[in-house]
Structures are given as structure tokens and as C-alpha cells.
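Okay, thanks everyone, let's get going. I'll put the structure up first and then walk you through a few spots in it.

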Amino acid sequence: MTKAIVIHAFGGPEQLHWENVEVPALQPHEVRLRHLAVGMNMMEIGLRIGAYPGPELPFIPGVEAAAVVEATGSDVRGLKVGNRVGYTGLPLGSYSEARNFPADRVFPLPADIGDETAAACMTKGMTAEFMLRRSYPVGDGTRVLIHAAAGATGLMCVQLARHLGAEVFGTVSSAEKAEFVRGFGCDHPIVYTEANFADVIHEATNGDGVDVVYDSIGADTFEDSIRCLQPLGTLCLFGVASGPPPALELMHQDLMTSKFFNRPSLYAHTAKRNDLLDLAAQTFADVTAGILKVEIFARYPLRDAAEAHRAVESRLTRGSIVFNV
């Protein structure tokens with residue numbers, strides 16, 4: 001028996017219940033993990049409200065954690081009890097004290113990366129890495145727009161984009177957050193509550209627009225994200241914090257601009273184990289080098305996950321939230 005956050009019905013943060021749960025028998029290909037620190041992601045909010053497809057109710061949310069191996073299945077090679085590992089991705093269930101997880105989906109944690117830092121940077125940092133290096137490779141002079149730039153993933157994207165030589169636009173909800181993201185390399189913070197971001201970008205670029213938009217918001221930003229793209233620009237939609245955007249009629253798009261649309265997915269980019277290991281190693285190397293600075297806004301006991309969700313939905317947070325187990 002262990003403790004976990006369980007969702008029995010879709011809805012608000014009050015649907016996150018701290019309960020006793022059984023850990024199933026260990027399968028031959030699995031490791032049993034004791035969690036050391038758990039990362040919070042916007043995906044869990046989407047799952048909680050039913051905006052993202054997920055398992056049948058009830059279920060335990062969560063996609064990343066730093067952990068220690070407590071037992072190994074009979075078919076597991078290369079891992080032993082006591083190894084410190086991390087993971088990001090499916091199956092869900094990181095909002096728990098302990099769990100079983102496929103052995104081929106964990107990766108080693110470097111000794112110089114602490115448990116909280118790992119939990120705060122794996123999903124967010126790896127997402128930034130594959131989006132800016134693979135989904136749309138950013139380089140010198142690339143103009144990028146990053147929505148929710150002060151959020152955990154947005155802040156990682158801002159830093160990596162700046163490191164890669166981009167001119168960085170970023171949307172935030174307040175003047176305070178604008179100054180915050182400017183300190184991490186955002187050239188043009190845009191307070192979306194005061195001005196339309198597409199209008200600001202067109203004015204700043206003499207009507208040219210940006211090369212790529214990384215959009216984690218969805219419904220509230222989608223149409224203006226398209227509008228601020230330059231001809232042959234790319235929209236990467238990787239989240240729907242405000243809900244799914246309207247259906248996209250490709251044949252109704254402007255023939256003179258011919259945009260590209262991408263639905264980036266960390267899971268697709270790490271489906272092969274070698275890609276998972278490479279992406280994790282790249283992320284940790286960039287954290288160690290100071291290219292990606294991990295900003296932990298708050299720490300909560302895992303049992304208080306509902307309070308963390310309320311804080312994120314209030315839009316008052318900056319950077320990552322970590323659960324201590």
C-alpha cells in the first residue's frame with residue numbers, strides 16, 4: 001500500500017484526492033520506484049478537467065519524477081536497486097509515493113543534478129530541447145514567439161531560444177512577469193492583457209511577423225498566433241491551457257502565406273530509447289552548463305497537489321512547481 005493523488009471525476013482542483021492505493025505486482029519488464037520529487041505540468045490540469053485524452057476514471061495523474069529503484073523485474077538489465085533515475089512520459093502515475101514503471105523508459109540522473117532540479121526540468125527542458133532543436137530548428141536571427149513565457153516550459157524555451165541566437169518575443173500576463181522574463185533573455189515581453197500580441201509583433205517587425213510560434217495556450221491565442229506568422233512560418237501547438245482551438249480548415253488558409261502547422265509531442269520524439277536518452281542527456285548538459293536555469297517557484301507536499309493546481313490556474317506562478325514526497 002502507498003499514497004497517491006487520485007482523480008475520480010473531471011473538474012476543479014478539489015477532484016485531486018490523497019488516498020491509499022495498491023502497487024500492483026512487479027512485471028518482468030518493470031522497475032519499482034520510490035519517488036524523491038515529482039514535477040507538475042500543465043498536462044495534469046488538462047487531464048483533470050478532461051481536456052486531454054487520458055485513461056478511464058479513476059486514475060493517478062502525473063508524467064515525471066526523480067526516483068530511486070527499489071526493485072527490478074526478472075527481465076530488467078542494466079538497472080539495480082539503489083540507482084537514481086528519472087522519467088517523463090506515459091504511463092501516467094507520478095503523483096504517488098511509489099509505483100511500477102517500464103524499465104526502458106527511465107534514464108540515469110547525473111550526480112550534479114539534484115532531485116528537485118531534475119523533477120523541475122525533465123519534461124519542460126526536454127520539451128524545449130526537441131521543439132527548438134527539432135520541431136522547428138532555431139538559429140541566429142530566427143524570430144520566435146513563446147506563449148506563457150514566464151511559465152515553466154515557456155521559460156525553458158525563452159532561454160534556449162536566446163542561446164541559439166533567436167530574437168525572442170514572449171507573452172506574459174503582467175508587467176512584473178515581463179521584467180522577469182526579460183531577465184532570462186526575452187527581447188520583447190508582451191503583456192497580453194494590455195495589447196494584442198499579433199499587433200505588437202507586426203509593428204515591431206515592420207509587418208514581417210515571426211518565423212515560429214510555440215503555443216501552449218490554444219483557444220485564446222490560436223488565430224492571432226497564425227496571424228503573426230510570416231509567410232512560410234510555422235505554428236507549433238503543444239498545449240491547450242485555455243481549451244482546444246477551433247478546427248483548422250487548411251484549404252481556407254491564405255494561399256500567399258502558406259503556413260506550416262505542427263503538433264509537437266515529447267512522446268513521439270522519445271518513442272525510441274536512444275532518442276529518450278539523448279534528449280535527457282542534452283537537457284541535463286544544458287542545465288549543468290547554465291544554458292537552462294531551473295527556476296523553482298514553489299514546493300508543495302504531494303498531498304497538497306490541489307493547492308498547487310490552484311496556484312498555477314491563478315496565473316500568479318513563474319517557473320516550475322515541484323512536489324516533495
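So, let's start with lysine 259, which is found in the loop between β12 and β13 (260–262). Helices here (H or I, at least four residues) and strands (E, at least two) are DSSP runs, numbered from the N terminus. Before I go on: this is a predicted model, where local features need pLDDT of at least 70, side-chain atom pairs count only at pLDDT 80 or more, and totals for chains, interfaces and linings use all residues. Residues are numbered from 1 along each chain as its sequence is written, and side-chain values use heavy atoms, with hydrogens and water left out.

Back to that lysine. Is lysine 259 buried or exposed? At 17% relative accessibility, lysine 259 counts as buried; buried means under 20% relative accessible area, exposed over 50%, and partly exposed in between, with a 1.4 Å probe and protein chains only. Not counting residues up to four places away in sequence, lysine 259 touches Ile226, Leu229, Gln230 and Gly233. Contact, by the way, means heavy atoms within 4.5 Å.

A second buried loop residue is leucine 164, at 16% relative accessibility. Leucine 164 sits in the loop between α3 and β9 (167–172). Leave aside the neighbours within four places in sequence, and leucine 164 is in contact with Leu132, Arg133, Val138, Gly139 and Asp140. Also, the C-alpha atoms of leucine 164 and isoleucine 291 are separated by 9.9 Å, with those positions 127 residues apart along the chain.

Now zoom out. How many helices and strands does the protein chain have? The secondary structure comes to nine helices and 15 strands. The radius of gyration of the protein chain is 20 Å, close to the 20 Å that the globule rule gives for 325 residues, so the chain is as compact as a globular protein of that length. For the record, that radius is taken over C-alpha atoms, and the globule rule is 2.2 Å times the number of residues to the power 0.38. Along the principal axes, the C-alpha atoms fill a box of roughly 60 × 40 × 40 Å. Buried residues make up 53% of the 325 residues. Of the contacts with a separation of 6 or more, 66% come from residues 24 or more positions apart. The accessible surface is about 13,900 Å², and 52% of that belongs to carbon and sulfur atoms; areas come from Shrake-Rupley with a 1.4 Å probe, and for residues, only the protein chains shown count as cover.

On to helix packing. Helix α2 (residues 115–135) and helix α8 (residues 273–288) pack at an angle of about 110°, with their axes 9 Å apart. Axes are lines fitted to C-alpha atoms, for helices over the stretch in contact, and angles run from 0 to 180 degrees between N-to-C directions. That makes α2 roughly perpendicular to α8: the bins are under 35 degrees for roughly parallel, over 145 for roughly antiparallel, 65 to 115 for roughly perpendicular, and oblique for the rest. The contact includes Met122, Met126 and Phe130 of α2, and Leu276, Leu279 and Phe284 of α8. By class, the residues of this contact divide into nine nonpolar, four polar and four charged. Here Ala, Val, Leu, Ile, Met, Phe, Trp, Tyr, Cys and Pro count as nonpolar, Asp, Glu, Lys and Arg as charged, and the others, Gly among them, as polar.

The other pair is α1 and α9, which pack at an angle of about 105° with axes 11 Å apart. That makes α1 roughly perpendicular to α9. Met42, Glu44, Ile45 and Arg48 of α1 meet His309, Val312 and Glu313 of α9, giving three nonpolar, one polar and three charged residues. The buried residues of α9 (residues 305–313) are Ala305, Ala306, Ala308, His309, Ala311 and Val312. Their cover includes β1 (2–7), β2 (16–21), α1 (42–49), β14 (296–301) and β15 (320–324).

Last up, backbone oddities. Most residues other than glycine have a negative phi, and most peptide bonds are trans. Just after α9, though, arginine 315 takes a positive phi of about 65°. Leucine 232, in strand β12 (residues 229–237), has phi near 65° and is exposed, with a relative accessible area of 53%. As for peptide bonds, leucine 57 to proline 58 is cis, with omega near -10°, and leucine 90 to proline 91 is cis, with omega near 5°.
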